[in-house]
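Trainee: I have a new model on my screen and would love a guided tour. Please take me through the reasoning step by step.

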Amino acid sequence: MAEAVLEREFAAVEVPRRGRAREGLRGYGLIVAMWIRSTMTYRTSFALSVVGNAAITLLDFVAVCIMFSHVDELGGFTLPEIALLYGSCSASLGLADLLLGNTDRIGVRIRDGSLDTMLVRPVPVLAQVAADRFALRRLGRVGQGVGVLAWAVWALGPQVEWTAGKVLLVPVMVLAGAGIFGAVMVAGAAFQFLAGDAAEVQNSFTYGGCAMLQYPPTVFAKDLLRGVTFIVPLAFVNWLPALYVLGRPDPLGLPGWAAYLSPLVAFAVFLPASLAWRAGVRSYRSTGS
Amino acid sequence: MRRRVRLYLAVAAGGFRRYATYGTATAAGVFTNTVFGFIVAYTYIALWDERPGLGGYDQAQALTFVWVSQSLLAAGALIGGGFQEELQERVRTGDIAVDLYRPADLQMWWLAADLGRAAFQLAGRGVVPLVVGALAFRLALPADPLRWLLFLVSVLLALTVSFAVRYLLGLAAFWLMDGSGINMMATVVTIFFSGMLLPLTVFPGGFGEFVQALPWAAMLQVPMDVLLGRHAGAGSAAGALGFQAVWAFVLLGAGRLLQSAATRKVVVQGG
């Protein structure tokens with residue numbers, strides 16, 4: 001039914017003369033709207049899943065709080081400081097997951113051959129894949145992350161010397177972090193053209209990355225820190241900006257202004273990710289079924 | 001009786017083979033479990049450096065907890081996965097009517113299939129992360145074969161309790177139609193109360209004792225404690241396994257009750 005509505009919407013789209021990006025966004029919006037309508041059919045289930053989505057991440061934070069019922073500091077960081085890390089990476093991942101998270105379903109689409117249908121529609125494949133089964137319930141994680149982040153900023157209030165730059169850095173950190181996670185998701189989706197069903201590898205960089213970023217970098221081995229700073233630049237999601245806000249040095253010795261590089265890094269990692277995506281789509285061979 | 005056993009063994013073997021065909025997915029899962037193992041291990045080191053002996057474990061035991069739980073996650077379907085979504089889908093589409101006409105018990109059928117799946121994932125996704133963890137960190141794995149045997153019995157009971165809870169979720173589809181919401185809530189509860197997020201012995205005070213009496217403790221915390229030797233004496237080990245067995249019995253029984261209520265509700269539309 002929903003698919004039929006979608007097909008009709010697309011039939012109304014004339015041959016695209018507008019920019020490809022605009023066309024992609026329009027297609028993305030249409031598919032997202034369709035999925036939201038379809039989700040709303042089962043309202044109880046939807047409400048439960050929004051709450052569940054927020055709770056799943058909130059319990060993560062409860063575990064951190066339980067840790068802090070036994071200790072005052074973890075890796076030299078206090079609870080509000082860890083809450084800053086936790087809230088920012090949770091909000092970033094939540095946003096990226098909401099907008100692009102379903103790209104990991106491409107493995108299933110490749111296997112069952114339903115990617116073919118997407119290739120003949122007049123909308124960029126990435127927009128279709130990203131909007132595939134769009135899950136509004138993921139707002140739960142975003143809301144929960146922003147909530148913890150707000151608490152952290154409030155609790156840290158007096159001890160941080162807030163400058164205009166630091167105030168600006170908090171929302172920038174969340175958005176740029178979402179960009180970096182988003183690029184990892186696109187790269188992961190591209191990898192699935194090569195590896196078949198490997199959605200879990202992508203999860204270890206996104207969910208695993210966030211599980212790591214919610215703890216201070218001082219907890220981890222230096223080699224791991226180098227890996228997530230220079231190879232998969234997850235450190236720019238929140239570690240570097242948050243360390244700067246807290247006035248702490250980076251364990252790898254990067255200068256303070258590196259904290260402001262996050263948006264640039266997000267942009268830079270999207271380039272290889274989108275190239276990988278193009279290469280992936282080009283190499284695609286239908287299962288023919 | 002013997003034919004029944006043969007039937008369920010065949011179903012279990014089918015469950016095993018089915019998951020064995022997903023080679024890349026298994027490799028990807030191993031990778032994920034290993035990555036998470038490292039991340040959690042470092043945070044535990046920081047925590048146990050600050051508070052040695054927290055929760056009754058030394059640091060090596062805490063790290064063993066991390067890596068063995070990573071090995072058990074997929075088998076116990078503690079973070080989702082498993083059969084319940086398929087059962088819900090069969091209820092939603094009406095295919096369940098076919099299942100009900102099979103000359104086999106619905107609950108036993110799914111139990112056999114799920115144990116087959118778990119057996120594959122225990123071998124396929126369990127061994128490698130544990131070996132990597134043992135190479136990278138100093139773990140407190142027991143040398144006593146009897147302890148390992150007890151651990152395996154405890155794991156089998158843990159898988160049964162996990163199945164029994166998920167069977168209830170699957171049946172909920174008879175009333176809810178769409179299971180995604182309740183599945184997610186169940187995953188949240190399982191992650192928190194099984195000891196996966198933090199060993200239950202670390203939970204504070206009376207709340208800590210309370211969570212250790214819940215069925216989710218039987219899914220991970222109890223097998224871990226059996227392996228780590230917290231139930232060293234014969235009586236204590238029997239108590240731990242008995243705790244799991246009682247929950248398995250109660251929850252499977254609840255599943256049977258709900259199943260008979262659900263099947264009375266089925267309306268088969270002719271076709």
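Trainee: What relative accessible area does A:Arg248 have, and which class does that give?
Mentor: This is a predicted model, so local features need pLDDT of at least 70 and side-chain atom pairs pLDDT 80 or more, while totals for chains, interfaces and linings use all residues. Residues are numbered from 1 along each chain as written, chains are lettered from A and ligands numbered from 1 in written order, and side-chain values use heavy atoms, without hydrogens or water. Buried means under 20% relative accessible area, exposed over 50%, and partly exposed in between (1.4 Å probe, protein chains only). A:Arg248 has 27%, so its class is partly exposed.

Trainee: Which residue does A:Arg248 meet in a salt bridge?
Mentor: Look for a side-chain nitrogen of Lys or Arg within 4 Å of a carboxyl oxygen of Asp or Glu. Here the N to O distance is 3.0 Å. The partner counts as buried because its relative accessibility is 5%. The side chain that A:Arg248 meets is that of A:Glu81.

Trainee: How far apart in sequence are the parts that this pair ties together?
Mentor: The salt bridge joins A:Arg248 and A:Glu81. A:Arg248 lies in the loop between helix 12 (239-246) and helix 13 (262-283) of chain A, and A:Glu81 lies in helix 4 (residues 79-100), so the parts tied together are separated in sequence by 167 residues.

Trainee: In chain B, which residue meets B:Arg18 in a salt bridge?
Mentor: The N to O distance for this pair is 3.2 Å. B:Arg18 lies in helix 1 (residues 2-20) and its partner in helix 4 (residues 84-93) of chain B, so the pair ties together parts 68 residues apart in sequence. B:Arg18 is partly exposed because its relative accessibility is 41%, and the partner, at 29%, is partly exposed as well. That partner is B:Glu86.

Trainee: Is B:Asp99, the salt-bridge partner of B:Arg90, buried or exposed?
Mentor: The closest N and O atoms of B:Asp99 and B:Arg90 are 2.7 Å apart. The relative accessibility of B:Asp99 is 5%, so this residue counts as buried.

Trainee: Which residues of chain A are linked in a network of salt bridges, and how many salt bridges are there over all chains?
Mentor: The network links A:Arg105, A:Arg109 and A:Asp132. Over all chains, the salt bridges come to 14.

Trainee: How many helices and strands does chain B have?
Mentor: Helices (H or I, at least four residues) and strands (E, at least two) are DSSP runs, numbered from the N terminus. Along the sequence the pattern is α-α-α-α-α-α-α-α-α-α-α. That gives chain B eleven helices and zero strands.
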